[in-house]
Each structure stands twice: as C-alpha cells, then as structure tokens.
Amino acid sequence: MADISAALIGFLGVMTGGYFNNFLAEDYGRFRDGQALAGALAGELESHTVPIPRIREGLEIMGSKHATGKSSTCRNGRCRQARSSIRTQRRSVH
C-alpha cells in the first residue's frame, strides 16, 4: 500500500507541477505578445510624429501666402488677383 501511495503522490506532484508550468508559460507568452504589440504601436505612432514639423511649416507658409493675398485659390474673385500677379511676374522675367 505504501508503494501505491508514493506513486500516487509522485503522480499528483508531477501533474500539479505541469499545470502550474503550463499556466506560467501561457502567462509569460501573453506578456511577450503584449510587449510586441506595444512596441509595434509605439513605432507606428513615432513614424506619424516625424513629419509634424514639416506639416506645420507648410501650413504656416500657406497661411502667410493667404494673408498677403498671394494665394492661388479661386475664392470670391481672388483668383484673378493671384493670376494677374503671376502674369506680371512672368513678364518681368522675360
């Protein structure tokens, strides 16, 4: 009877150890997946923040052109003004 009890205790120990090992391995695997996802998202967000200064610079240039009336848009008759200024610039070059 003692041999069966020792074998049963050993078997239950192995099963319990395997269960906890599986649980910890799964938890660690999910942690690694989360780390990989966080790294991917951080890289993606960083790639979107790189061109922000260039976009700001372009918007400031467009805003200053619009404020001075050198805009090439055709709103409220301003298209003619922009085209006429381009024509005078072309005439002065030739």
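Leu12 is partly exposed in this predicted model, with a relative accessibility of 47%. The residue belongs to helix α1, and together with Leu8, Phe11 and Met15 it makes a nonpolar surface patch of about 420 Å². For the chain as a whole, the exposed area comes to about 8800 Å², of which 61% is supplied by carbon and sulfur atoms. Buried residues account for 4% of the 94 residues in the chain.

The secondary structure consists of three helices, with zero strands. The order along the sequence is accordingly α-α-α. Helix α1 covers residues 2-49, helix α2 covers residues 52-68, and helix α3 covers residues 78-93. Confidence is not uniform across these elements: the highest mean pLDDT, 90, is found in α1, and the lowest, 53, in α3. Over the chain the mean pLDDT is 79, and a value of 70 or more is reached by 73% of the residues. Where pLDDT is low, predicted coordinates should not be read in detail.

The length of helix α2 was compared with expectation. With 17 residues and 1.5 Å a residue, α2 should span 24 Å, the expected span being 1.5 Å times one less than the number of residues. The C-alpha atoms at the two ends of α2 are 24 Å apart, so the model agrees with the expected span. After α2 comes Gly69, which has a positive phi, near 85°.

A search for salt bridges across the whole structure returned one. The pair consists of Arg30 and Glu26, whose side chains meet with an N to O distance of 3.3 Å. This lies within the 4 Å allowed between a side-chain nitrogen of Arg and a carboxyl oxygen of Glu, so the contact counts as a salt bridge. In general, side chains of opposite charge can pair when their charged atoms come close. Arg30 and Glu26 are four residues apart in helix α1, and are therefore separated by about one helical turn. With regard to the surface, Arg30 is exposed, at a relative accessible area of 59%, whereas Glu26 is partly exposed, at 42%.

Aromatic contacts were also examined, and the count comes to two aromatic pairs. One of them is formed by Tyr19 and Phe20, with ring centres 5.7 Å apart and an angle of 65° between the planes. Planes over 60 degrees apart count as edge-to-face, so this pair is assigned to that class. Tyr19 has a relative accessibility of 57% and is therefore exposed, the cut-off being over 50%. Phe20, with a relative accessible area of 48%, is partly exposed.

Note on methods:
Residues are numbered from 1 along each chain as its sequence is written. This is a predicted model: local features need pLDDT of at least 70, side-chain atom pairs count only at pLDDT 80 or more; totals for chains, interfaces and linings use all residues. Side-chain values use heavy atoms; hydrogens and water are left out. Buried means under 20% relative accessible area, exposed over 50%, partly exposed in between (1.4 Å probe, protein chains only). Accessible areas come from the Shrake-Rupley method with a 1.4 Å probe; for residues, only the protein chains shown count as cover. Patches are made of residues with over 30% relative accessible area and no salt bridge: like charges are joined within 9 Å, nonpolar side chains (Val, Leu, Ile, Met, Phe, Trp, Tyr) within 5 Å. pLDDT is the predictor's confidence in each residue, from 0 to 100. Rings of Phe, Tyr and Trp (its six-membered ring) pair if their centres lie within 6.5 Å; planes under 30 degrees apart count as stacked, over 60 as edge-to-face and the rest as tilted.
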